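Colleague: Could you take me through the internal cavities and the helix packing here? I would like the reasoning as well as the answers.

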Amino acid sequence: MAKAQWLADIRDDKRATTIRGYESAVRLHLVPALGKKRLDRLNAADVRSFMAGMREKCLCCANQWDARRPPAQQCCSRGRCCGRRPSTRQLQYVHAVLRNALGHAERLELVPRNVAKLVRVKTPEYSVGKGLPVDQVRTLLATAEGTRFHPLYVVAATLGLRRGELLGLRWCDIDMDDATIHVRQTVQRVGGELVVEGTKTRASSAVVPLPKITRSAILARRRVWADERATAGECWQDHDLVFCTQVGTPLEPRALNRDFDKLRVRAGLPGVRLHDLRHTVVSLLLSLGTPPHVVQAIARHADIDVTMTIYAHTNMDEMRQALDAIEWEAG
């Protein structure tokens with residue numbers, strides 16, 4: 001009952017993708033381990049025991065993947081566990097969901113305190129963002145020239161928009177007179193359905209300037225969009241989306257992934273990811289000496305620490321150049 005109340009209470013305040021993740025964590029991990037425990041009797045020792053069990057849990061069993069596999073591919077049900085355990089990030093996420101749920105119960109005075117706050121979990125170490133050299137970006141865009149997604153890749157490479165933000169971009173969000181884009185919404189697949197919702201964080205919803213190359217790409221897309229609309233006729237479903245299907249409906253995120261997979265192979269860059277284009281914008285701006293707070297505003301990070309921790313990495317030559325710039329007096 002408490003679980004259902006918590007999810008119902010927060011549903012209107014959270015994005016659909018967030019709710020989906022919470023529901024998954026509750027159903028697969030929290031309820032099986034703690035569902036029979038009285039909420040007001042839950043203590044820190046119970047949470048520590050739960051997290052210890054989480055670290056040793058087989059994900060194939062927890063997510064019921066094993067039960068859906070053909071017998072020859074099953075692991076635990078055949079007595080040969082594959083040893084696939086939750087990552088540090090997954091452990092932190094499940095603990096965060098439990099902490100949020102108990103925090104809600106505390107505010108409702110269902111529990112005297114949030115015991116999950118008494119249990120510390122390891123923080124994952126995020127990898128440094130991988131930006132692409134400018135020549136590789138040019139190769140990708142040149143290879144995409146003339147294709148339907150070329151303008152989208154230009155916007156991604158020059159503004160650093162996330163995949164969902166690219167697919168959620170509307171014509172009403174673009175001001176060609178002021179040369180700006182207002183990032184307001186995203187398109188995500190949630191629970192088997194395409195969902196249009198607000199941006200990831202308050203900082204993600206922001207106005208960013210349009211470089212000349214981006215304006216040209218958007219104008220080219222506008223001409224194609226008008227032709228597609230005229231061709232579709234009565235079949236057109238107007239969602240005001242810049243990057244949409246040929247009948248105006250939201251694009252499937254996986255369709256964009258498949259197109260980029262083919263593009264990177266044609267460009268001779270098989271290891272490149274679509275999200276690397278976002279990393280590239282941030283890395284290049286920092287390497288050009290752009291003030292971090294300006295880079296943060298363009299990337300729309302909620303915290304400048306994210307900008308600097310994930311992206312602001314230096315190589316040995318940069319460090320040597322910085323040290324050599326110090327004018328030491330000879331002794």
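Modeller: Happy to; what follows is a set of questions and answers on a predicted model.

Colleague: Let's begin with the cavities: how many of 30 Å³ or more does the structure hold?

Modeller: The largest cavity has about 30 Å³ of space. The second largest has a volume of about 30 Å³ too. With that cut-off of 30 Å³ or more, the number of cavities is 2.

Colleague: Which element gives the most to the lining of the largest cavity?

Modeller: Val137, Leu140, Leu141, Tyr153, Ala157, Phe260, Leu263 and Leu277 line that cavity. Two or more residues come from each of helix H7 (134–144), helix H8 (150–159) and helix H11 (253–266). With 3 residues, the element that gives the most is H7.

Colleague: How do the residues of that lining divide into nonpolar, polar and charged?

Modeller: The list includes Leu140, Tyr153 and Phe260, and Tyr counts as nonpolar in the classes used here. The lining of the largest cavity therefore has no polar and no charged residues, which leaves the nonpolar count at 8.

Colleague: And how many charged residues are in the lining of the second largest cavity?

Modeller: Its lining is made up of Arg148, Phe149, Arg221, Phe243, Cys244 and Leu251. Arg belongs to the charged class, while Phe, Cys and Leu are nonpolar. The division is 4 nonpolar and no polar, and the charged count is 2.

Colleague: Back to H7: how is it oriented relative to H11?

Modeller: The axes of H7 and H11 come within 9 Å and cross at roughly 110°. Angles of 65 to 115 degrees share one label, so H7 is, relative to H11, roughly perpendicular.

Colleague: Which residues of H11 make the contact with H7?

Modeller: H7 passes H11 in a right-handed crossing. On the H7 side, the contact uses Leu140, Thr143 and Ala144. By class, the contact has 4 nonpolar, 1 polar and 2 charged residues. The H11 residues are Phe260, Leu263, Arg264 and Arg266.

Colleague: Now helix H3 and helix H6: how are they oriented to each other?

Modeller: H3 (residues 44–55) and H6 (residues 88–107) pack with their axes 10 Å apart, at an angle of about 150°. An angle over 145 degrees sets the label, so H3 and H6 are roughly antiparallel.

Colleague: Last one: how many nonpolar residues does the contact of H3 with H6 have?

Modeller: H3 brings Val47, Phe50, Met51, Met54 and Arg55 to the contact, and H6 brings Leu91, Val94, His95 and Leu98. By class there are 1 polar and 1 charged residues, and the nonpolar count is 7.

Key: Residues numbered from 1 in each chain as written. Predicted model: local features only at pLDDT ≥ 70, side-chain atom pairs only at ≥ 80, totals over all residues. Heavy atoms only, no water. 1 Å grid on protein atoms, 1.4 Å probe; cavity = no way out; pocket = protein on both sides within 12 Å on 5 of 7 lines; lining within 4 Å. Points joined across faces, edges and corners; volume = space filled by probe spheres on them. Helix = DSSP H or I, 4+ residues; strand = E, 2+ residues; numbered from the N terminus. Axes fitted to C-alpha atoms, helices over the stretch in contact; angles between N-to-C directions. Parallel < 35°, antiparallel > 145°, perpendicular 65-115°, else oblique. Left-handed = near helix turned anticlockwise from the far one by under 90°. Contact = heavy atoms within 4.5 Å.
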